[in-house]
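Below are my notes on the model, set out as numbered points. They deal with the ligand site, a few backbone angles and some helix packing.

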Amino acid sequence: MTQLVKLAIDGGKAAVVHPLPKAHPGAMRIGIEEEEAVLEVLRSKRLFRYYAPYGGSSKVKAFEEGLGVVLGAPHVLAVGSGTSALSSSLAALEIGPGDEVVVPAYTWIATAASALAVGAVPTVAEVDAGLTLDPESFEEVITPRTRAVIAVHMRGAPARMGEINDVAKRHGIAVVEDVAQAMGGTYQGQRLGTLGDMGAFSLQFNKIITAGEGGAVATADRRRYERARMYHDVSAGLRSELATEQMFLATTCRLSELQGAVALVQLGRLEGILADLRRAQRSLTSRLAGLAEERGVTFRRQWDAAGDTGLTFIFYAPTSEIAHDVVRALRAEGVPASLLFSPDTLDFHVAYHWRPLISRSGWAKITAFDLAPGTSGCDLSRTPRSMELLARAVQVEMSPEFSEQNLEEIGFALEKVLTALPEPVASR
Ligand SMILES: *Cc1c(COP(=O)(O)O)cnc(C)c1O
């Protein structure tokens, strides 16, 4: 067995000696501009987007317009969270009780919860080696009740939107993109969130840009935009040109001007964050490509590498046992690596652990499941391939703040750990 130097886990010196910056990309870039923008809102005493005691313009509206320009989307609506962006999107598409919404087995549980929020049942499909919705599995789980699919651009990388849109079109199903983890990414040169019928974004603390909490909906369709607005604001009818019959009441999940102010400044930081994330991810990918192949390690499949935001570096070990050992060894080297799935560790990113959905507990039983009798709902026996893949997947989150020195140390740690792996039997 070749070994560069003794692994930290075996008592050697850790590869990472300089402390690594924290991952939360947008949050770590908060600076004087965000402070000033918030103070400006406070001093103007305009904390509500739709009216102001002393006039002035709305930060939320400016954010919506700015995001529309970045995306090339005709209509953008800011909302209170990524979850409410998803349920606003579904409501805009007239999805409701009795309907099924296909979601991938790997996504934050909010994607599935957003279907329940409009009274629909989420059903799960497999992810492929890109860790995004597998178009074939999507087609297999379609039933006469299926009315929408949520394609998630998970961990910053684009899903196979071409194939997903084709399947959806063939079956007359609406497409929502969950862009919560991939703002600014592209697929075939087009911004994520503009490839389906509706795009849903999150501004929660952990996302590429953040206002602490918040979200947004993008669409090219004026009527759907109006419906999303109606969903997110019970008083939207007051400000709408819609006829009474077209109005409906839902909930209130508006974005405040304080959040809008931060979101607007953060939007200006987006391209810089993406450039730095991509620089970090690409340096590791090119450094490790040869060694990975020798050791039977494969990188996450990229459906459009140029469109990946660079948010994470993910690779598959040959077995889940090896993946587990690799994570332990990397952590000993000082790299905050993680395994994407373990049956023993509760993690709401993996359908296997969606206990409230699997048990159909709470009011969703009455509002959603009972209105879709016979639905398979979240039948997890249908996603064994996703669980097998995720159990072998090792993730190292990127930070736009990584210095050359940080990347050198992380790269060295990965080299040490991968070098210590046995060569695969076939190539020996
Ligand atoms: C964060 C996230 C959401 C939900 O966003 P919130 O703002 O937390 O409601 C939805 N989908 C995915 C994939 C996410 O990562």
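1. Does Arg155 count as buried or exposed? Arg155 counts as buried because its relative accessibility is 13%; buried means under 20% relative accessible area, exposed over 50%, and partly exposed in between, with a 1.4 Å probe and protein chains only. Arg155 sits in the loop that joins β4 (146-152) to α6 (161-171). Helices (H or I, at least four residues) and strands (E, at least two) are DSSP runs, numbered from the N terminus.

2. On the basis of these notes: this is a predicted model, in which local features need pLDDT of at least 70 and side-chain atom pairs count only at pLDDT 80 or more, while totals for chains, interfaces and linings use all residues. Residues are numbered from 1 along each chain as its sequence is written, and side-chain values use heavy atoms, with hydrogens and water left out.

3. The backbone at Arg155 deserves a check: its phi is positive, about 50°, although the residue is not a glycine. Most residues other than glycine have a negative phi. Arg360 is another non-glycine residue with a positive phi, near 55°. Arg360 belongs to the loop between α10 (355-358) and α11 (363-367), and it counts as partly exposed because its relative accessibility is 27%.

4. Which residues are closest to the ligand? They are Gly82, Thr83, Asp178, Ser202 and Lys207, out of 16 that surround the ligand; a residue is near a molecule if one of its heavy atoms lies within 4 Å of it. By class, this shell has 5 nonpolar, 9 polar and 2 charged residues. Here Ala, Val, Leu, Ile, Met, Phe, Trp, Tyr, Cys and Pro count as nonpolar, Asp, Glu, Lys and Arg as charged, and the others, Gly among them, as polar.

5. Polar contacts (pairs of N or O atoms within 3.5 Å) to the ligand include three that can be listed by residue. A backbone N or O atom of Gly82 is 2.7 Å from a ligand oxygen atom. The side chain of Asp178 places an N or O atom 2.7 Å from a nitrogen atom of the ligand. For the side chain of Gln181, an N or O atom is 2.8 Å from an oxygen atom of the ligand. The protein covers 93% of the 380 Å² of accessible area that the ligand has on its own, by the Shrake-Rupley method with a 1.4 Å probe.

6. Which elements give two or more residues to the shell around the ligand? They are α3 (82-92) and α4 (110-117). The helix that gives the most is α3, with 3 residues.

7. Helix α4 is mostly covered, with 6 of its 8 residues buried. The buried residues of α4 are Ala110, Thr111, Ala112, Ser114, Ala115 and Leu116. Gly119 follows α4 and has a positive phi, near 90°.

8. Two residues illustrate packing between parts of the chain that are apart in sequence. Ala413, in helix α13 (residues 404-419), counts as buried because its relative accessibility is 0%. Its C-alpha atom is 8.0 Å from that of Gly334, 79 residues away along the chain. Leu330, in helix α9 (residues 320-332), counts as buried because its relative accessibility is 0%. The C-alpha atoms of Leu330 and Leu414 are 6.9 Å apart, with their positions 84 residues apart along the chain.

Conventions. A polar contact is a pair of N or O atoms within 3.5 Å; within protein, one must be able to donate a hydrogen and the other to accept it, and residues adjacent in sequence count only if both atoms are side-chain atoms.
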